[in-house]
Amino acid sequence: MSAPPDNNRAAWLQGPSAHCSAEPVKVARAWRLVLLGAPGVGKGTQAELLTDCLGACHLSTGDVFRAAGKQRACDQSPAMRAAFEYMRRGELVPDATVWEMVRERSTCIVGCGGFILDGFPRTIAQAESLKGLMEQKRILLSGVVNYELSVDEIVSRLSGRRTCEKCKSVFHVTERPPKVDGVCDRCQGKLLQREDDRPEAIAVRLEAYQRSTAPLIRFYKELGVLLPISAKGSPDEIFDRTMASLSQIEVRSQVR
Ligand code: AP5
């Protein structure tokens with residue numbers, strides 16, 4: 001395991017015609033992980049820590065939709081404009097739009113450095129699509145980490161979250177504050193509150209999670225790749241728990 005070079009993830013965030021600032025490093029063991037869990041449970045925070053440690057690329061579908069939402073209206077495709085509206089309301093973006101966007105970026109998924117998928121898949125249909133792609137490319141999922149936390153703690157994490165507008169690093173006003181108020185520790189970008197962290201959007205997101213995403217727990221359990229992890233405690237404690245769990249399944253991460 002080695003620290004990856006800083007990567008702006010341009011090919012993922014902007015699409016396949018953009019080039020990442022760092023090429024993926026070919027590693028002896030490429031980790032291919034899915035992070036599951038309710039909105040605000042800490043998937044993005046853990047994805048950052050895991051990326052630094054495992055060298056795999058952090059692929060968040062929410063980050064792609066937010067990046068598209070920041071483009072000028074004339075540069076946005078109708079599908080991306082619609083996706084951004086779903087997101088603002090806290091609803092799930094339709095499967096067809098999500099899959100089209102992920103499929104376009106499939107080189108990020110099959111890349112030699114591995115991946116940490118954060119926010120995808122979110123429905124059974126999306127999970128089936130990912131499974132089909134990975135079977136076709138003959139790559140294996142190393143594991144699916146399912147972070148578990150009470151609703152009260154989730155709501156508190158979401159309402160205090162601040163995200164860097166440039167590099168997307170995630171902070172929390174009390175639990176994970178930046179060194180300088182409102183400024184990203186990593187790239188000095190401005191820290192903003194997400195539009196879907198408003199209370200009414202949070203309620204819609206939690207309901208969408210229960211209805212559409214929670215069934216994935218059973219889906220991956222039946223595939224024998226589910227790793228349930230308590231998301232209580234500090235980010236470092238959760239990270240240590242995750243690494244301990246991953247150390248027991250290393251053999252499954254190998255390419256066939
Ligand atoms: P997305 O961006 O994926 O959001 P999400 O799944 O709702 O998850 P979050 O990013 O809100 O939370 P997180 O679990 O990453 O927590 P974080 O680490 O930030 O999706 C947004 C929207 O896009 C969706 O609602 C949907 O509309 C659309 N979308 C995206 N993908 C889609 C798909 N596949 N299909 C359909 N629609 C899709 O942590 C939260 C806060 O808690 C932070 O402030 C953090 O600093 C703090 N924190 C983290 N860990 C701890 C800790 N241990 N203790 C205390 N505080 C902590």
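**Figure 1. Close-up of H172 and the backbone that its side chain meets.** In this close-up, the side chain of H172 comes to 3.2 Å from the backbone oxygen of S156. The structure is a predicted model, and the distances and angles in this and the following legends should be read as values computed from that model. H172 belongs to strand β6, and with a relative accessible area of 9% the residue is buried.

**Figure 2. Close-up of the ligand and its polar contacts.** The ligand is surrounded by 36 residues, of which E91, R122, R161, F171 and R205 are the closest. Two polar contacts involve nitrogen atoms of the ligand: a polar side-chain atom of T61 lies 2.7 Å from a nitrogen atom of the ligand, and a polar backbone atom of P235 is 3.3 Å from a nitrogen atom of the ligand. An oxygen atom of the ligand, in turn, lies 2.5 Å from a backbone N or O atom of E91. Taken alone, the ligand would expose 1000 Å², and the protein buries 98% of that area.

**Figure 3. Close-up of the shell around the ligand, by element and by residue class.** Two or more residues of the shell come from each of the elements α2 (43–54), α3 (61–69), α8 (151–159), β6 (170–172) and α11 (235–246). Among these, helix α3 provides the largest share, with four residues. Sorted by class, the shell consists of 14 nonpolar, 11 polar and 11 charged residues.

**Figure 4. Close-up of the stacked pair W99 and F120, with the cis peptide bond that follows F120.** The structure holds two aromatic pairs, and the pair in this view is formed by W99 and F120. The ring centres of W99 and F120 are 6.3 Å apart and the planes meet at 15 degrees, which is under the 30 degrees that limits the stacked class, so the pair is stacked. The two partners come from distant parts of the chain, 21 residues apart: W99 sits in helix α5 (residues 95–104), whereas F120 sits in the loop between β3 (114–118) and α7 (124–137). F120 has a relative accessibility of 1% and therefore counts as buried. The peptide bond that leads from F120 to P121 is cis, with omega near -5 degrees, and P121 is likewise found in the loop between β3 and α7. Most peptide bonds are trans.

**Figure 5. Close-up of the edge-to-face pair F219 and Y220.** In this aromatic pair the ring centres of F219 and Y220 are 5.0 Å apart, and with 90 degrees between the planes the arrangement is edge-to-face. Both partners are assigned to the buried class on the basis of relative accessibility, for which the limit is under 20%: F219 is buried at a relative accessible area of 14%, and Y220 counts as buried at 2%.

**Figure 6. Close-up of R89 and the ring of Y86.** The view shows R89 over the face of Y86, at a distance of 5.3 Å from the ring centre.

**Figure 7. Close-up of R198 and two backbone oxygens.** R198 is located in the loop between β7 (191–192) and α9 (199–213), where the residue is partly exposed, with a relative accessible area of 32%. The side chain of R198 reaches the backbone oxygen of E195 at 2.7 Å, and a polar atom of the side chain of R198 also lies 2.8 Å from the backbone oxygen of R88. In addition, R198 and L158, which are 40 residues apart in sequence, have their C-alpha atoms 8.7 Å apart in space.

**Figure 8. Close-up views of R138 and K168, two residues with positive phi.** Most residues other than glycine have a negative phi. R138, by contrast, has a positive phi near 55 degrees, and for K168 the positive value is near 70 degrees. R138 is found in the loop between α7 and β4 (143–148), while K168 is found in the loop between β5 (161–164) and β6. The two residues fall into separate classes of accessibility: R138 counts as exposed at 51% relative accessibility, whereas K168 is buried, with a relative accessible area of 12%.

Terms used
Residues numbered from 1 in each chain as written. Predicted model: local features only at pLDDT ≥ 70, side-chain atom pairs only at ≥ 80, totals over all residues. Heavy atoms only, no water. Near = heavy atom within 4 Å. Polar contact = N/O pair within 3.5 Å; in protein donor to acceptor, adjacent residues only side chain to side chain. Areas by Shrake-Rupley, 256 points an atom, 1.4 Å probe, with all protein chains shown as cover. Nonpolar A, V, L, I, M, F, W, Y, C, P; charged D, E, K, R; others polar. Phe/Tyr/Trp six-rings, centres within 6.5 Å; stacked < 30°, edge-to-face > 60°. Buried < 20%, exposed > 50% of the residue type's maximum accessible area, 1.4 Å probe, protein only. Lys NZ or Arg CZ within 6 Å of the ring centre and 35° of its normal.
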